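Here's a quick tour of a small model, going from surface exposure to overall shape, charges and patches. Have a look at the structure first, then read on.

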Amino acid sequence: MTLWLFTHGPARKALGLILAAAAILLFLLNLRRAGERAGRAAERLDAGERNDAVHRQMLDAAARRPADRDALADRLRDGRF
């Protein structure tokens, strides 16, 4: 008996509007969630790039280090350190 009510007249139009509103609401919520995921991915990418830059600086500094104590002493005497 209740199914018959939803298949005729204004109830059918109201049900259609409710279903359309629910579909739009679900789409917007999914869109919001996708935006949040994209934001988190961008933050992870930025953090990774910062870490890579720091790692490159450390490797560059290690490549320029003095070979031994005598080389370190020479650099300190010349004021190049």
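A residue counts as exposed when its relative accessible area is over 50%, as buried when under 20%, and as partly exposed in between. With 56%, Arg 32 therefore lands in the exposed class. Keep in mind that this is a predicted model.

**Overall shape**

The chain is helical: three helices and zero strands, in the order α-α-α from the N terminus. How does the radius of gyration sit against that of a compact globule of 81 residues? The globule would come in near 12 Å, but this chain has 33 Å. The C-alpha atoms take up a box of roughly 100 × 20 × 10 Å along the principal axes. Just 2% of the 81 residues count as buried. The accessible surface is about 7600 Å², and carbon and sulfur atoms account for 63% of that.

Helix α3, residues 69–78, fits that picture: one of its ten residues is buried, so this helix lies largely in the open. Right after α3, Gly 79 adopts a positive phi of about 80 degrees.

**Salt bridges**

How many salt bridges are there? The count is two, and here they are:

| Salt bridge | N to O distance |
|---|---|
| Glu 36 – Arg 32 | 3.5 Å |
| Asp 74 – Arg 77 | 2.9 Å |

Glu 36 and Arg 32 both belong to helix α2, four residues apart, or about one turn. Asp 74 and Arg 77 are both in helix α3, three residues apart, again about one turn. An α-helix has 3.6 residues a turn, so residues three or four places apart point the same way.

Are the acidic partners buried or partly exposed? Glu 36 is partly exposed at 36% relative accessible area, and Asp 74 is partly exposed too, at 37%. Arg 77, at 65%, counts as exposed.

**Patches and charge**

Helix α2 spans residues 9–63 and includes Leu 31. Leu 31 joins Ile 24, Phe 27 and Leu 28 in a nonpolar surface patch, with about 430 Å² of accessible area together. There is also a patch of positive charge on the surface, made up of Arg 33, Arg 37, Arg 40 and Arg 44. Of these, Arg 44 sits in helix α2 and is exposed at 59% relative accessibility.

Across the chain there are 15 positive and 10 negative side chains, and the centres of the two sets lie 15 Å apart.

Methods
Residues are numbered from 1 along each chain as its sequence is written. This is a predicted model: local features need pLDDT of at least 70, side-chain atom pairs count only at pLDDT 80 or more; totals for chains, interfaces and linings use all residues. Side-chain values use heavy atoms; hydrogens and water are left out. Patches are made of residues with over 30% relative accessible area and no salt bridge: like charges are joined within 9 Å, nonpolar side chains (Val, Leu, Ile, Met, Phe, Trp, Tyr) within 5 Å. Accessible areas come from the Shrake-Rupley method with a 1.4 Å probe; for residues, only the protein chains shown count as cover. A salt bridge is a side-chain nitrogen of Lys or Arg within 4 Å of a carboxyl oxygen of Asp or Glu. Helices (H or I, at least four residues) and strands (E, at least two) are DSSP runs, numbered from the N terminus. The radius of gyration is taken over C-alpha atoms; the globule rule is 2.2 Å times the number of residues to the power 0.38. Buried means under 20% relative accessible area, exposed over 50%, partly exposed in between (1.4 Å probe, protein chains only). Lys and Arg count as positive and Asp and Glu as negative; His and the chain ends are not counted. The place of a charge is taken as NZ of Lys, CZ of Arg, CG of Asp or CD of Glu.
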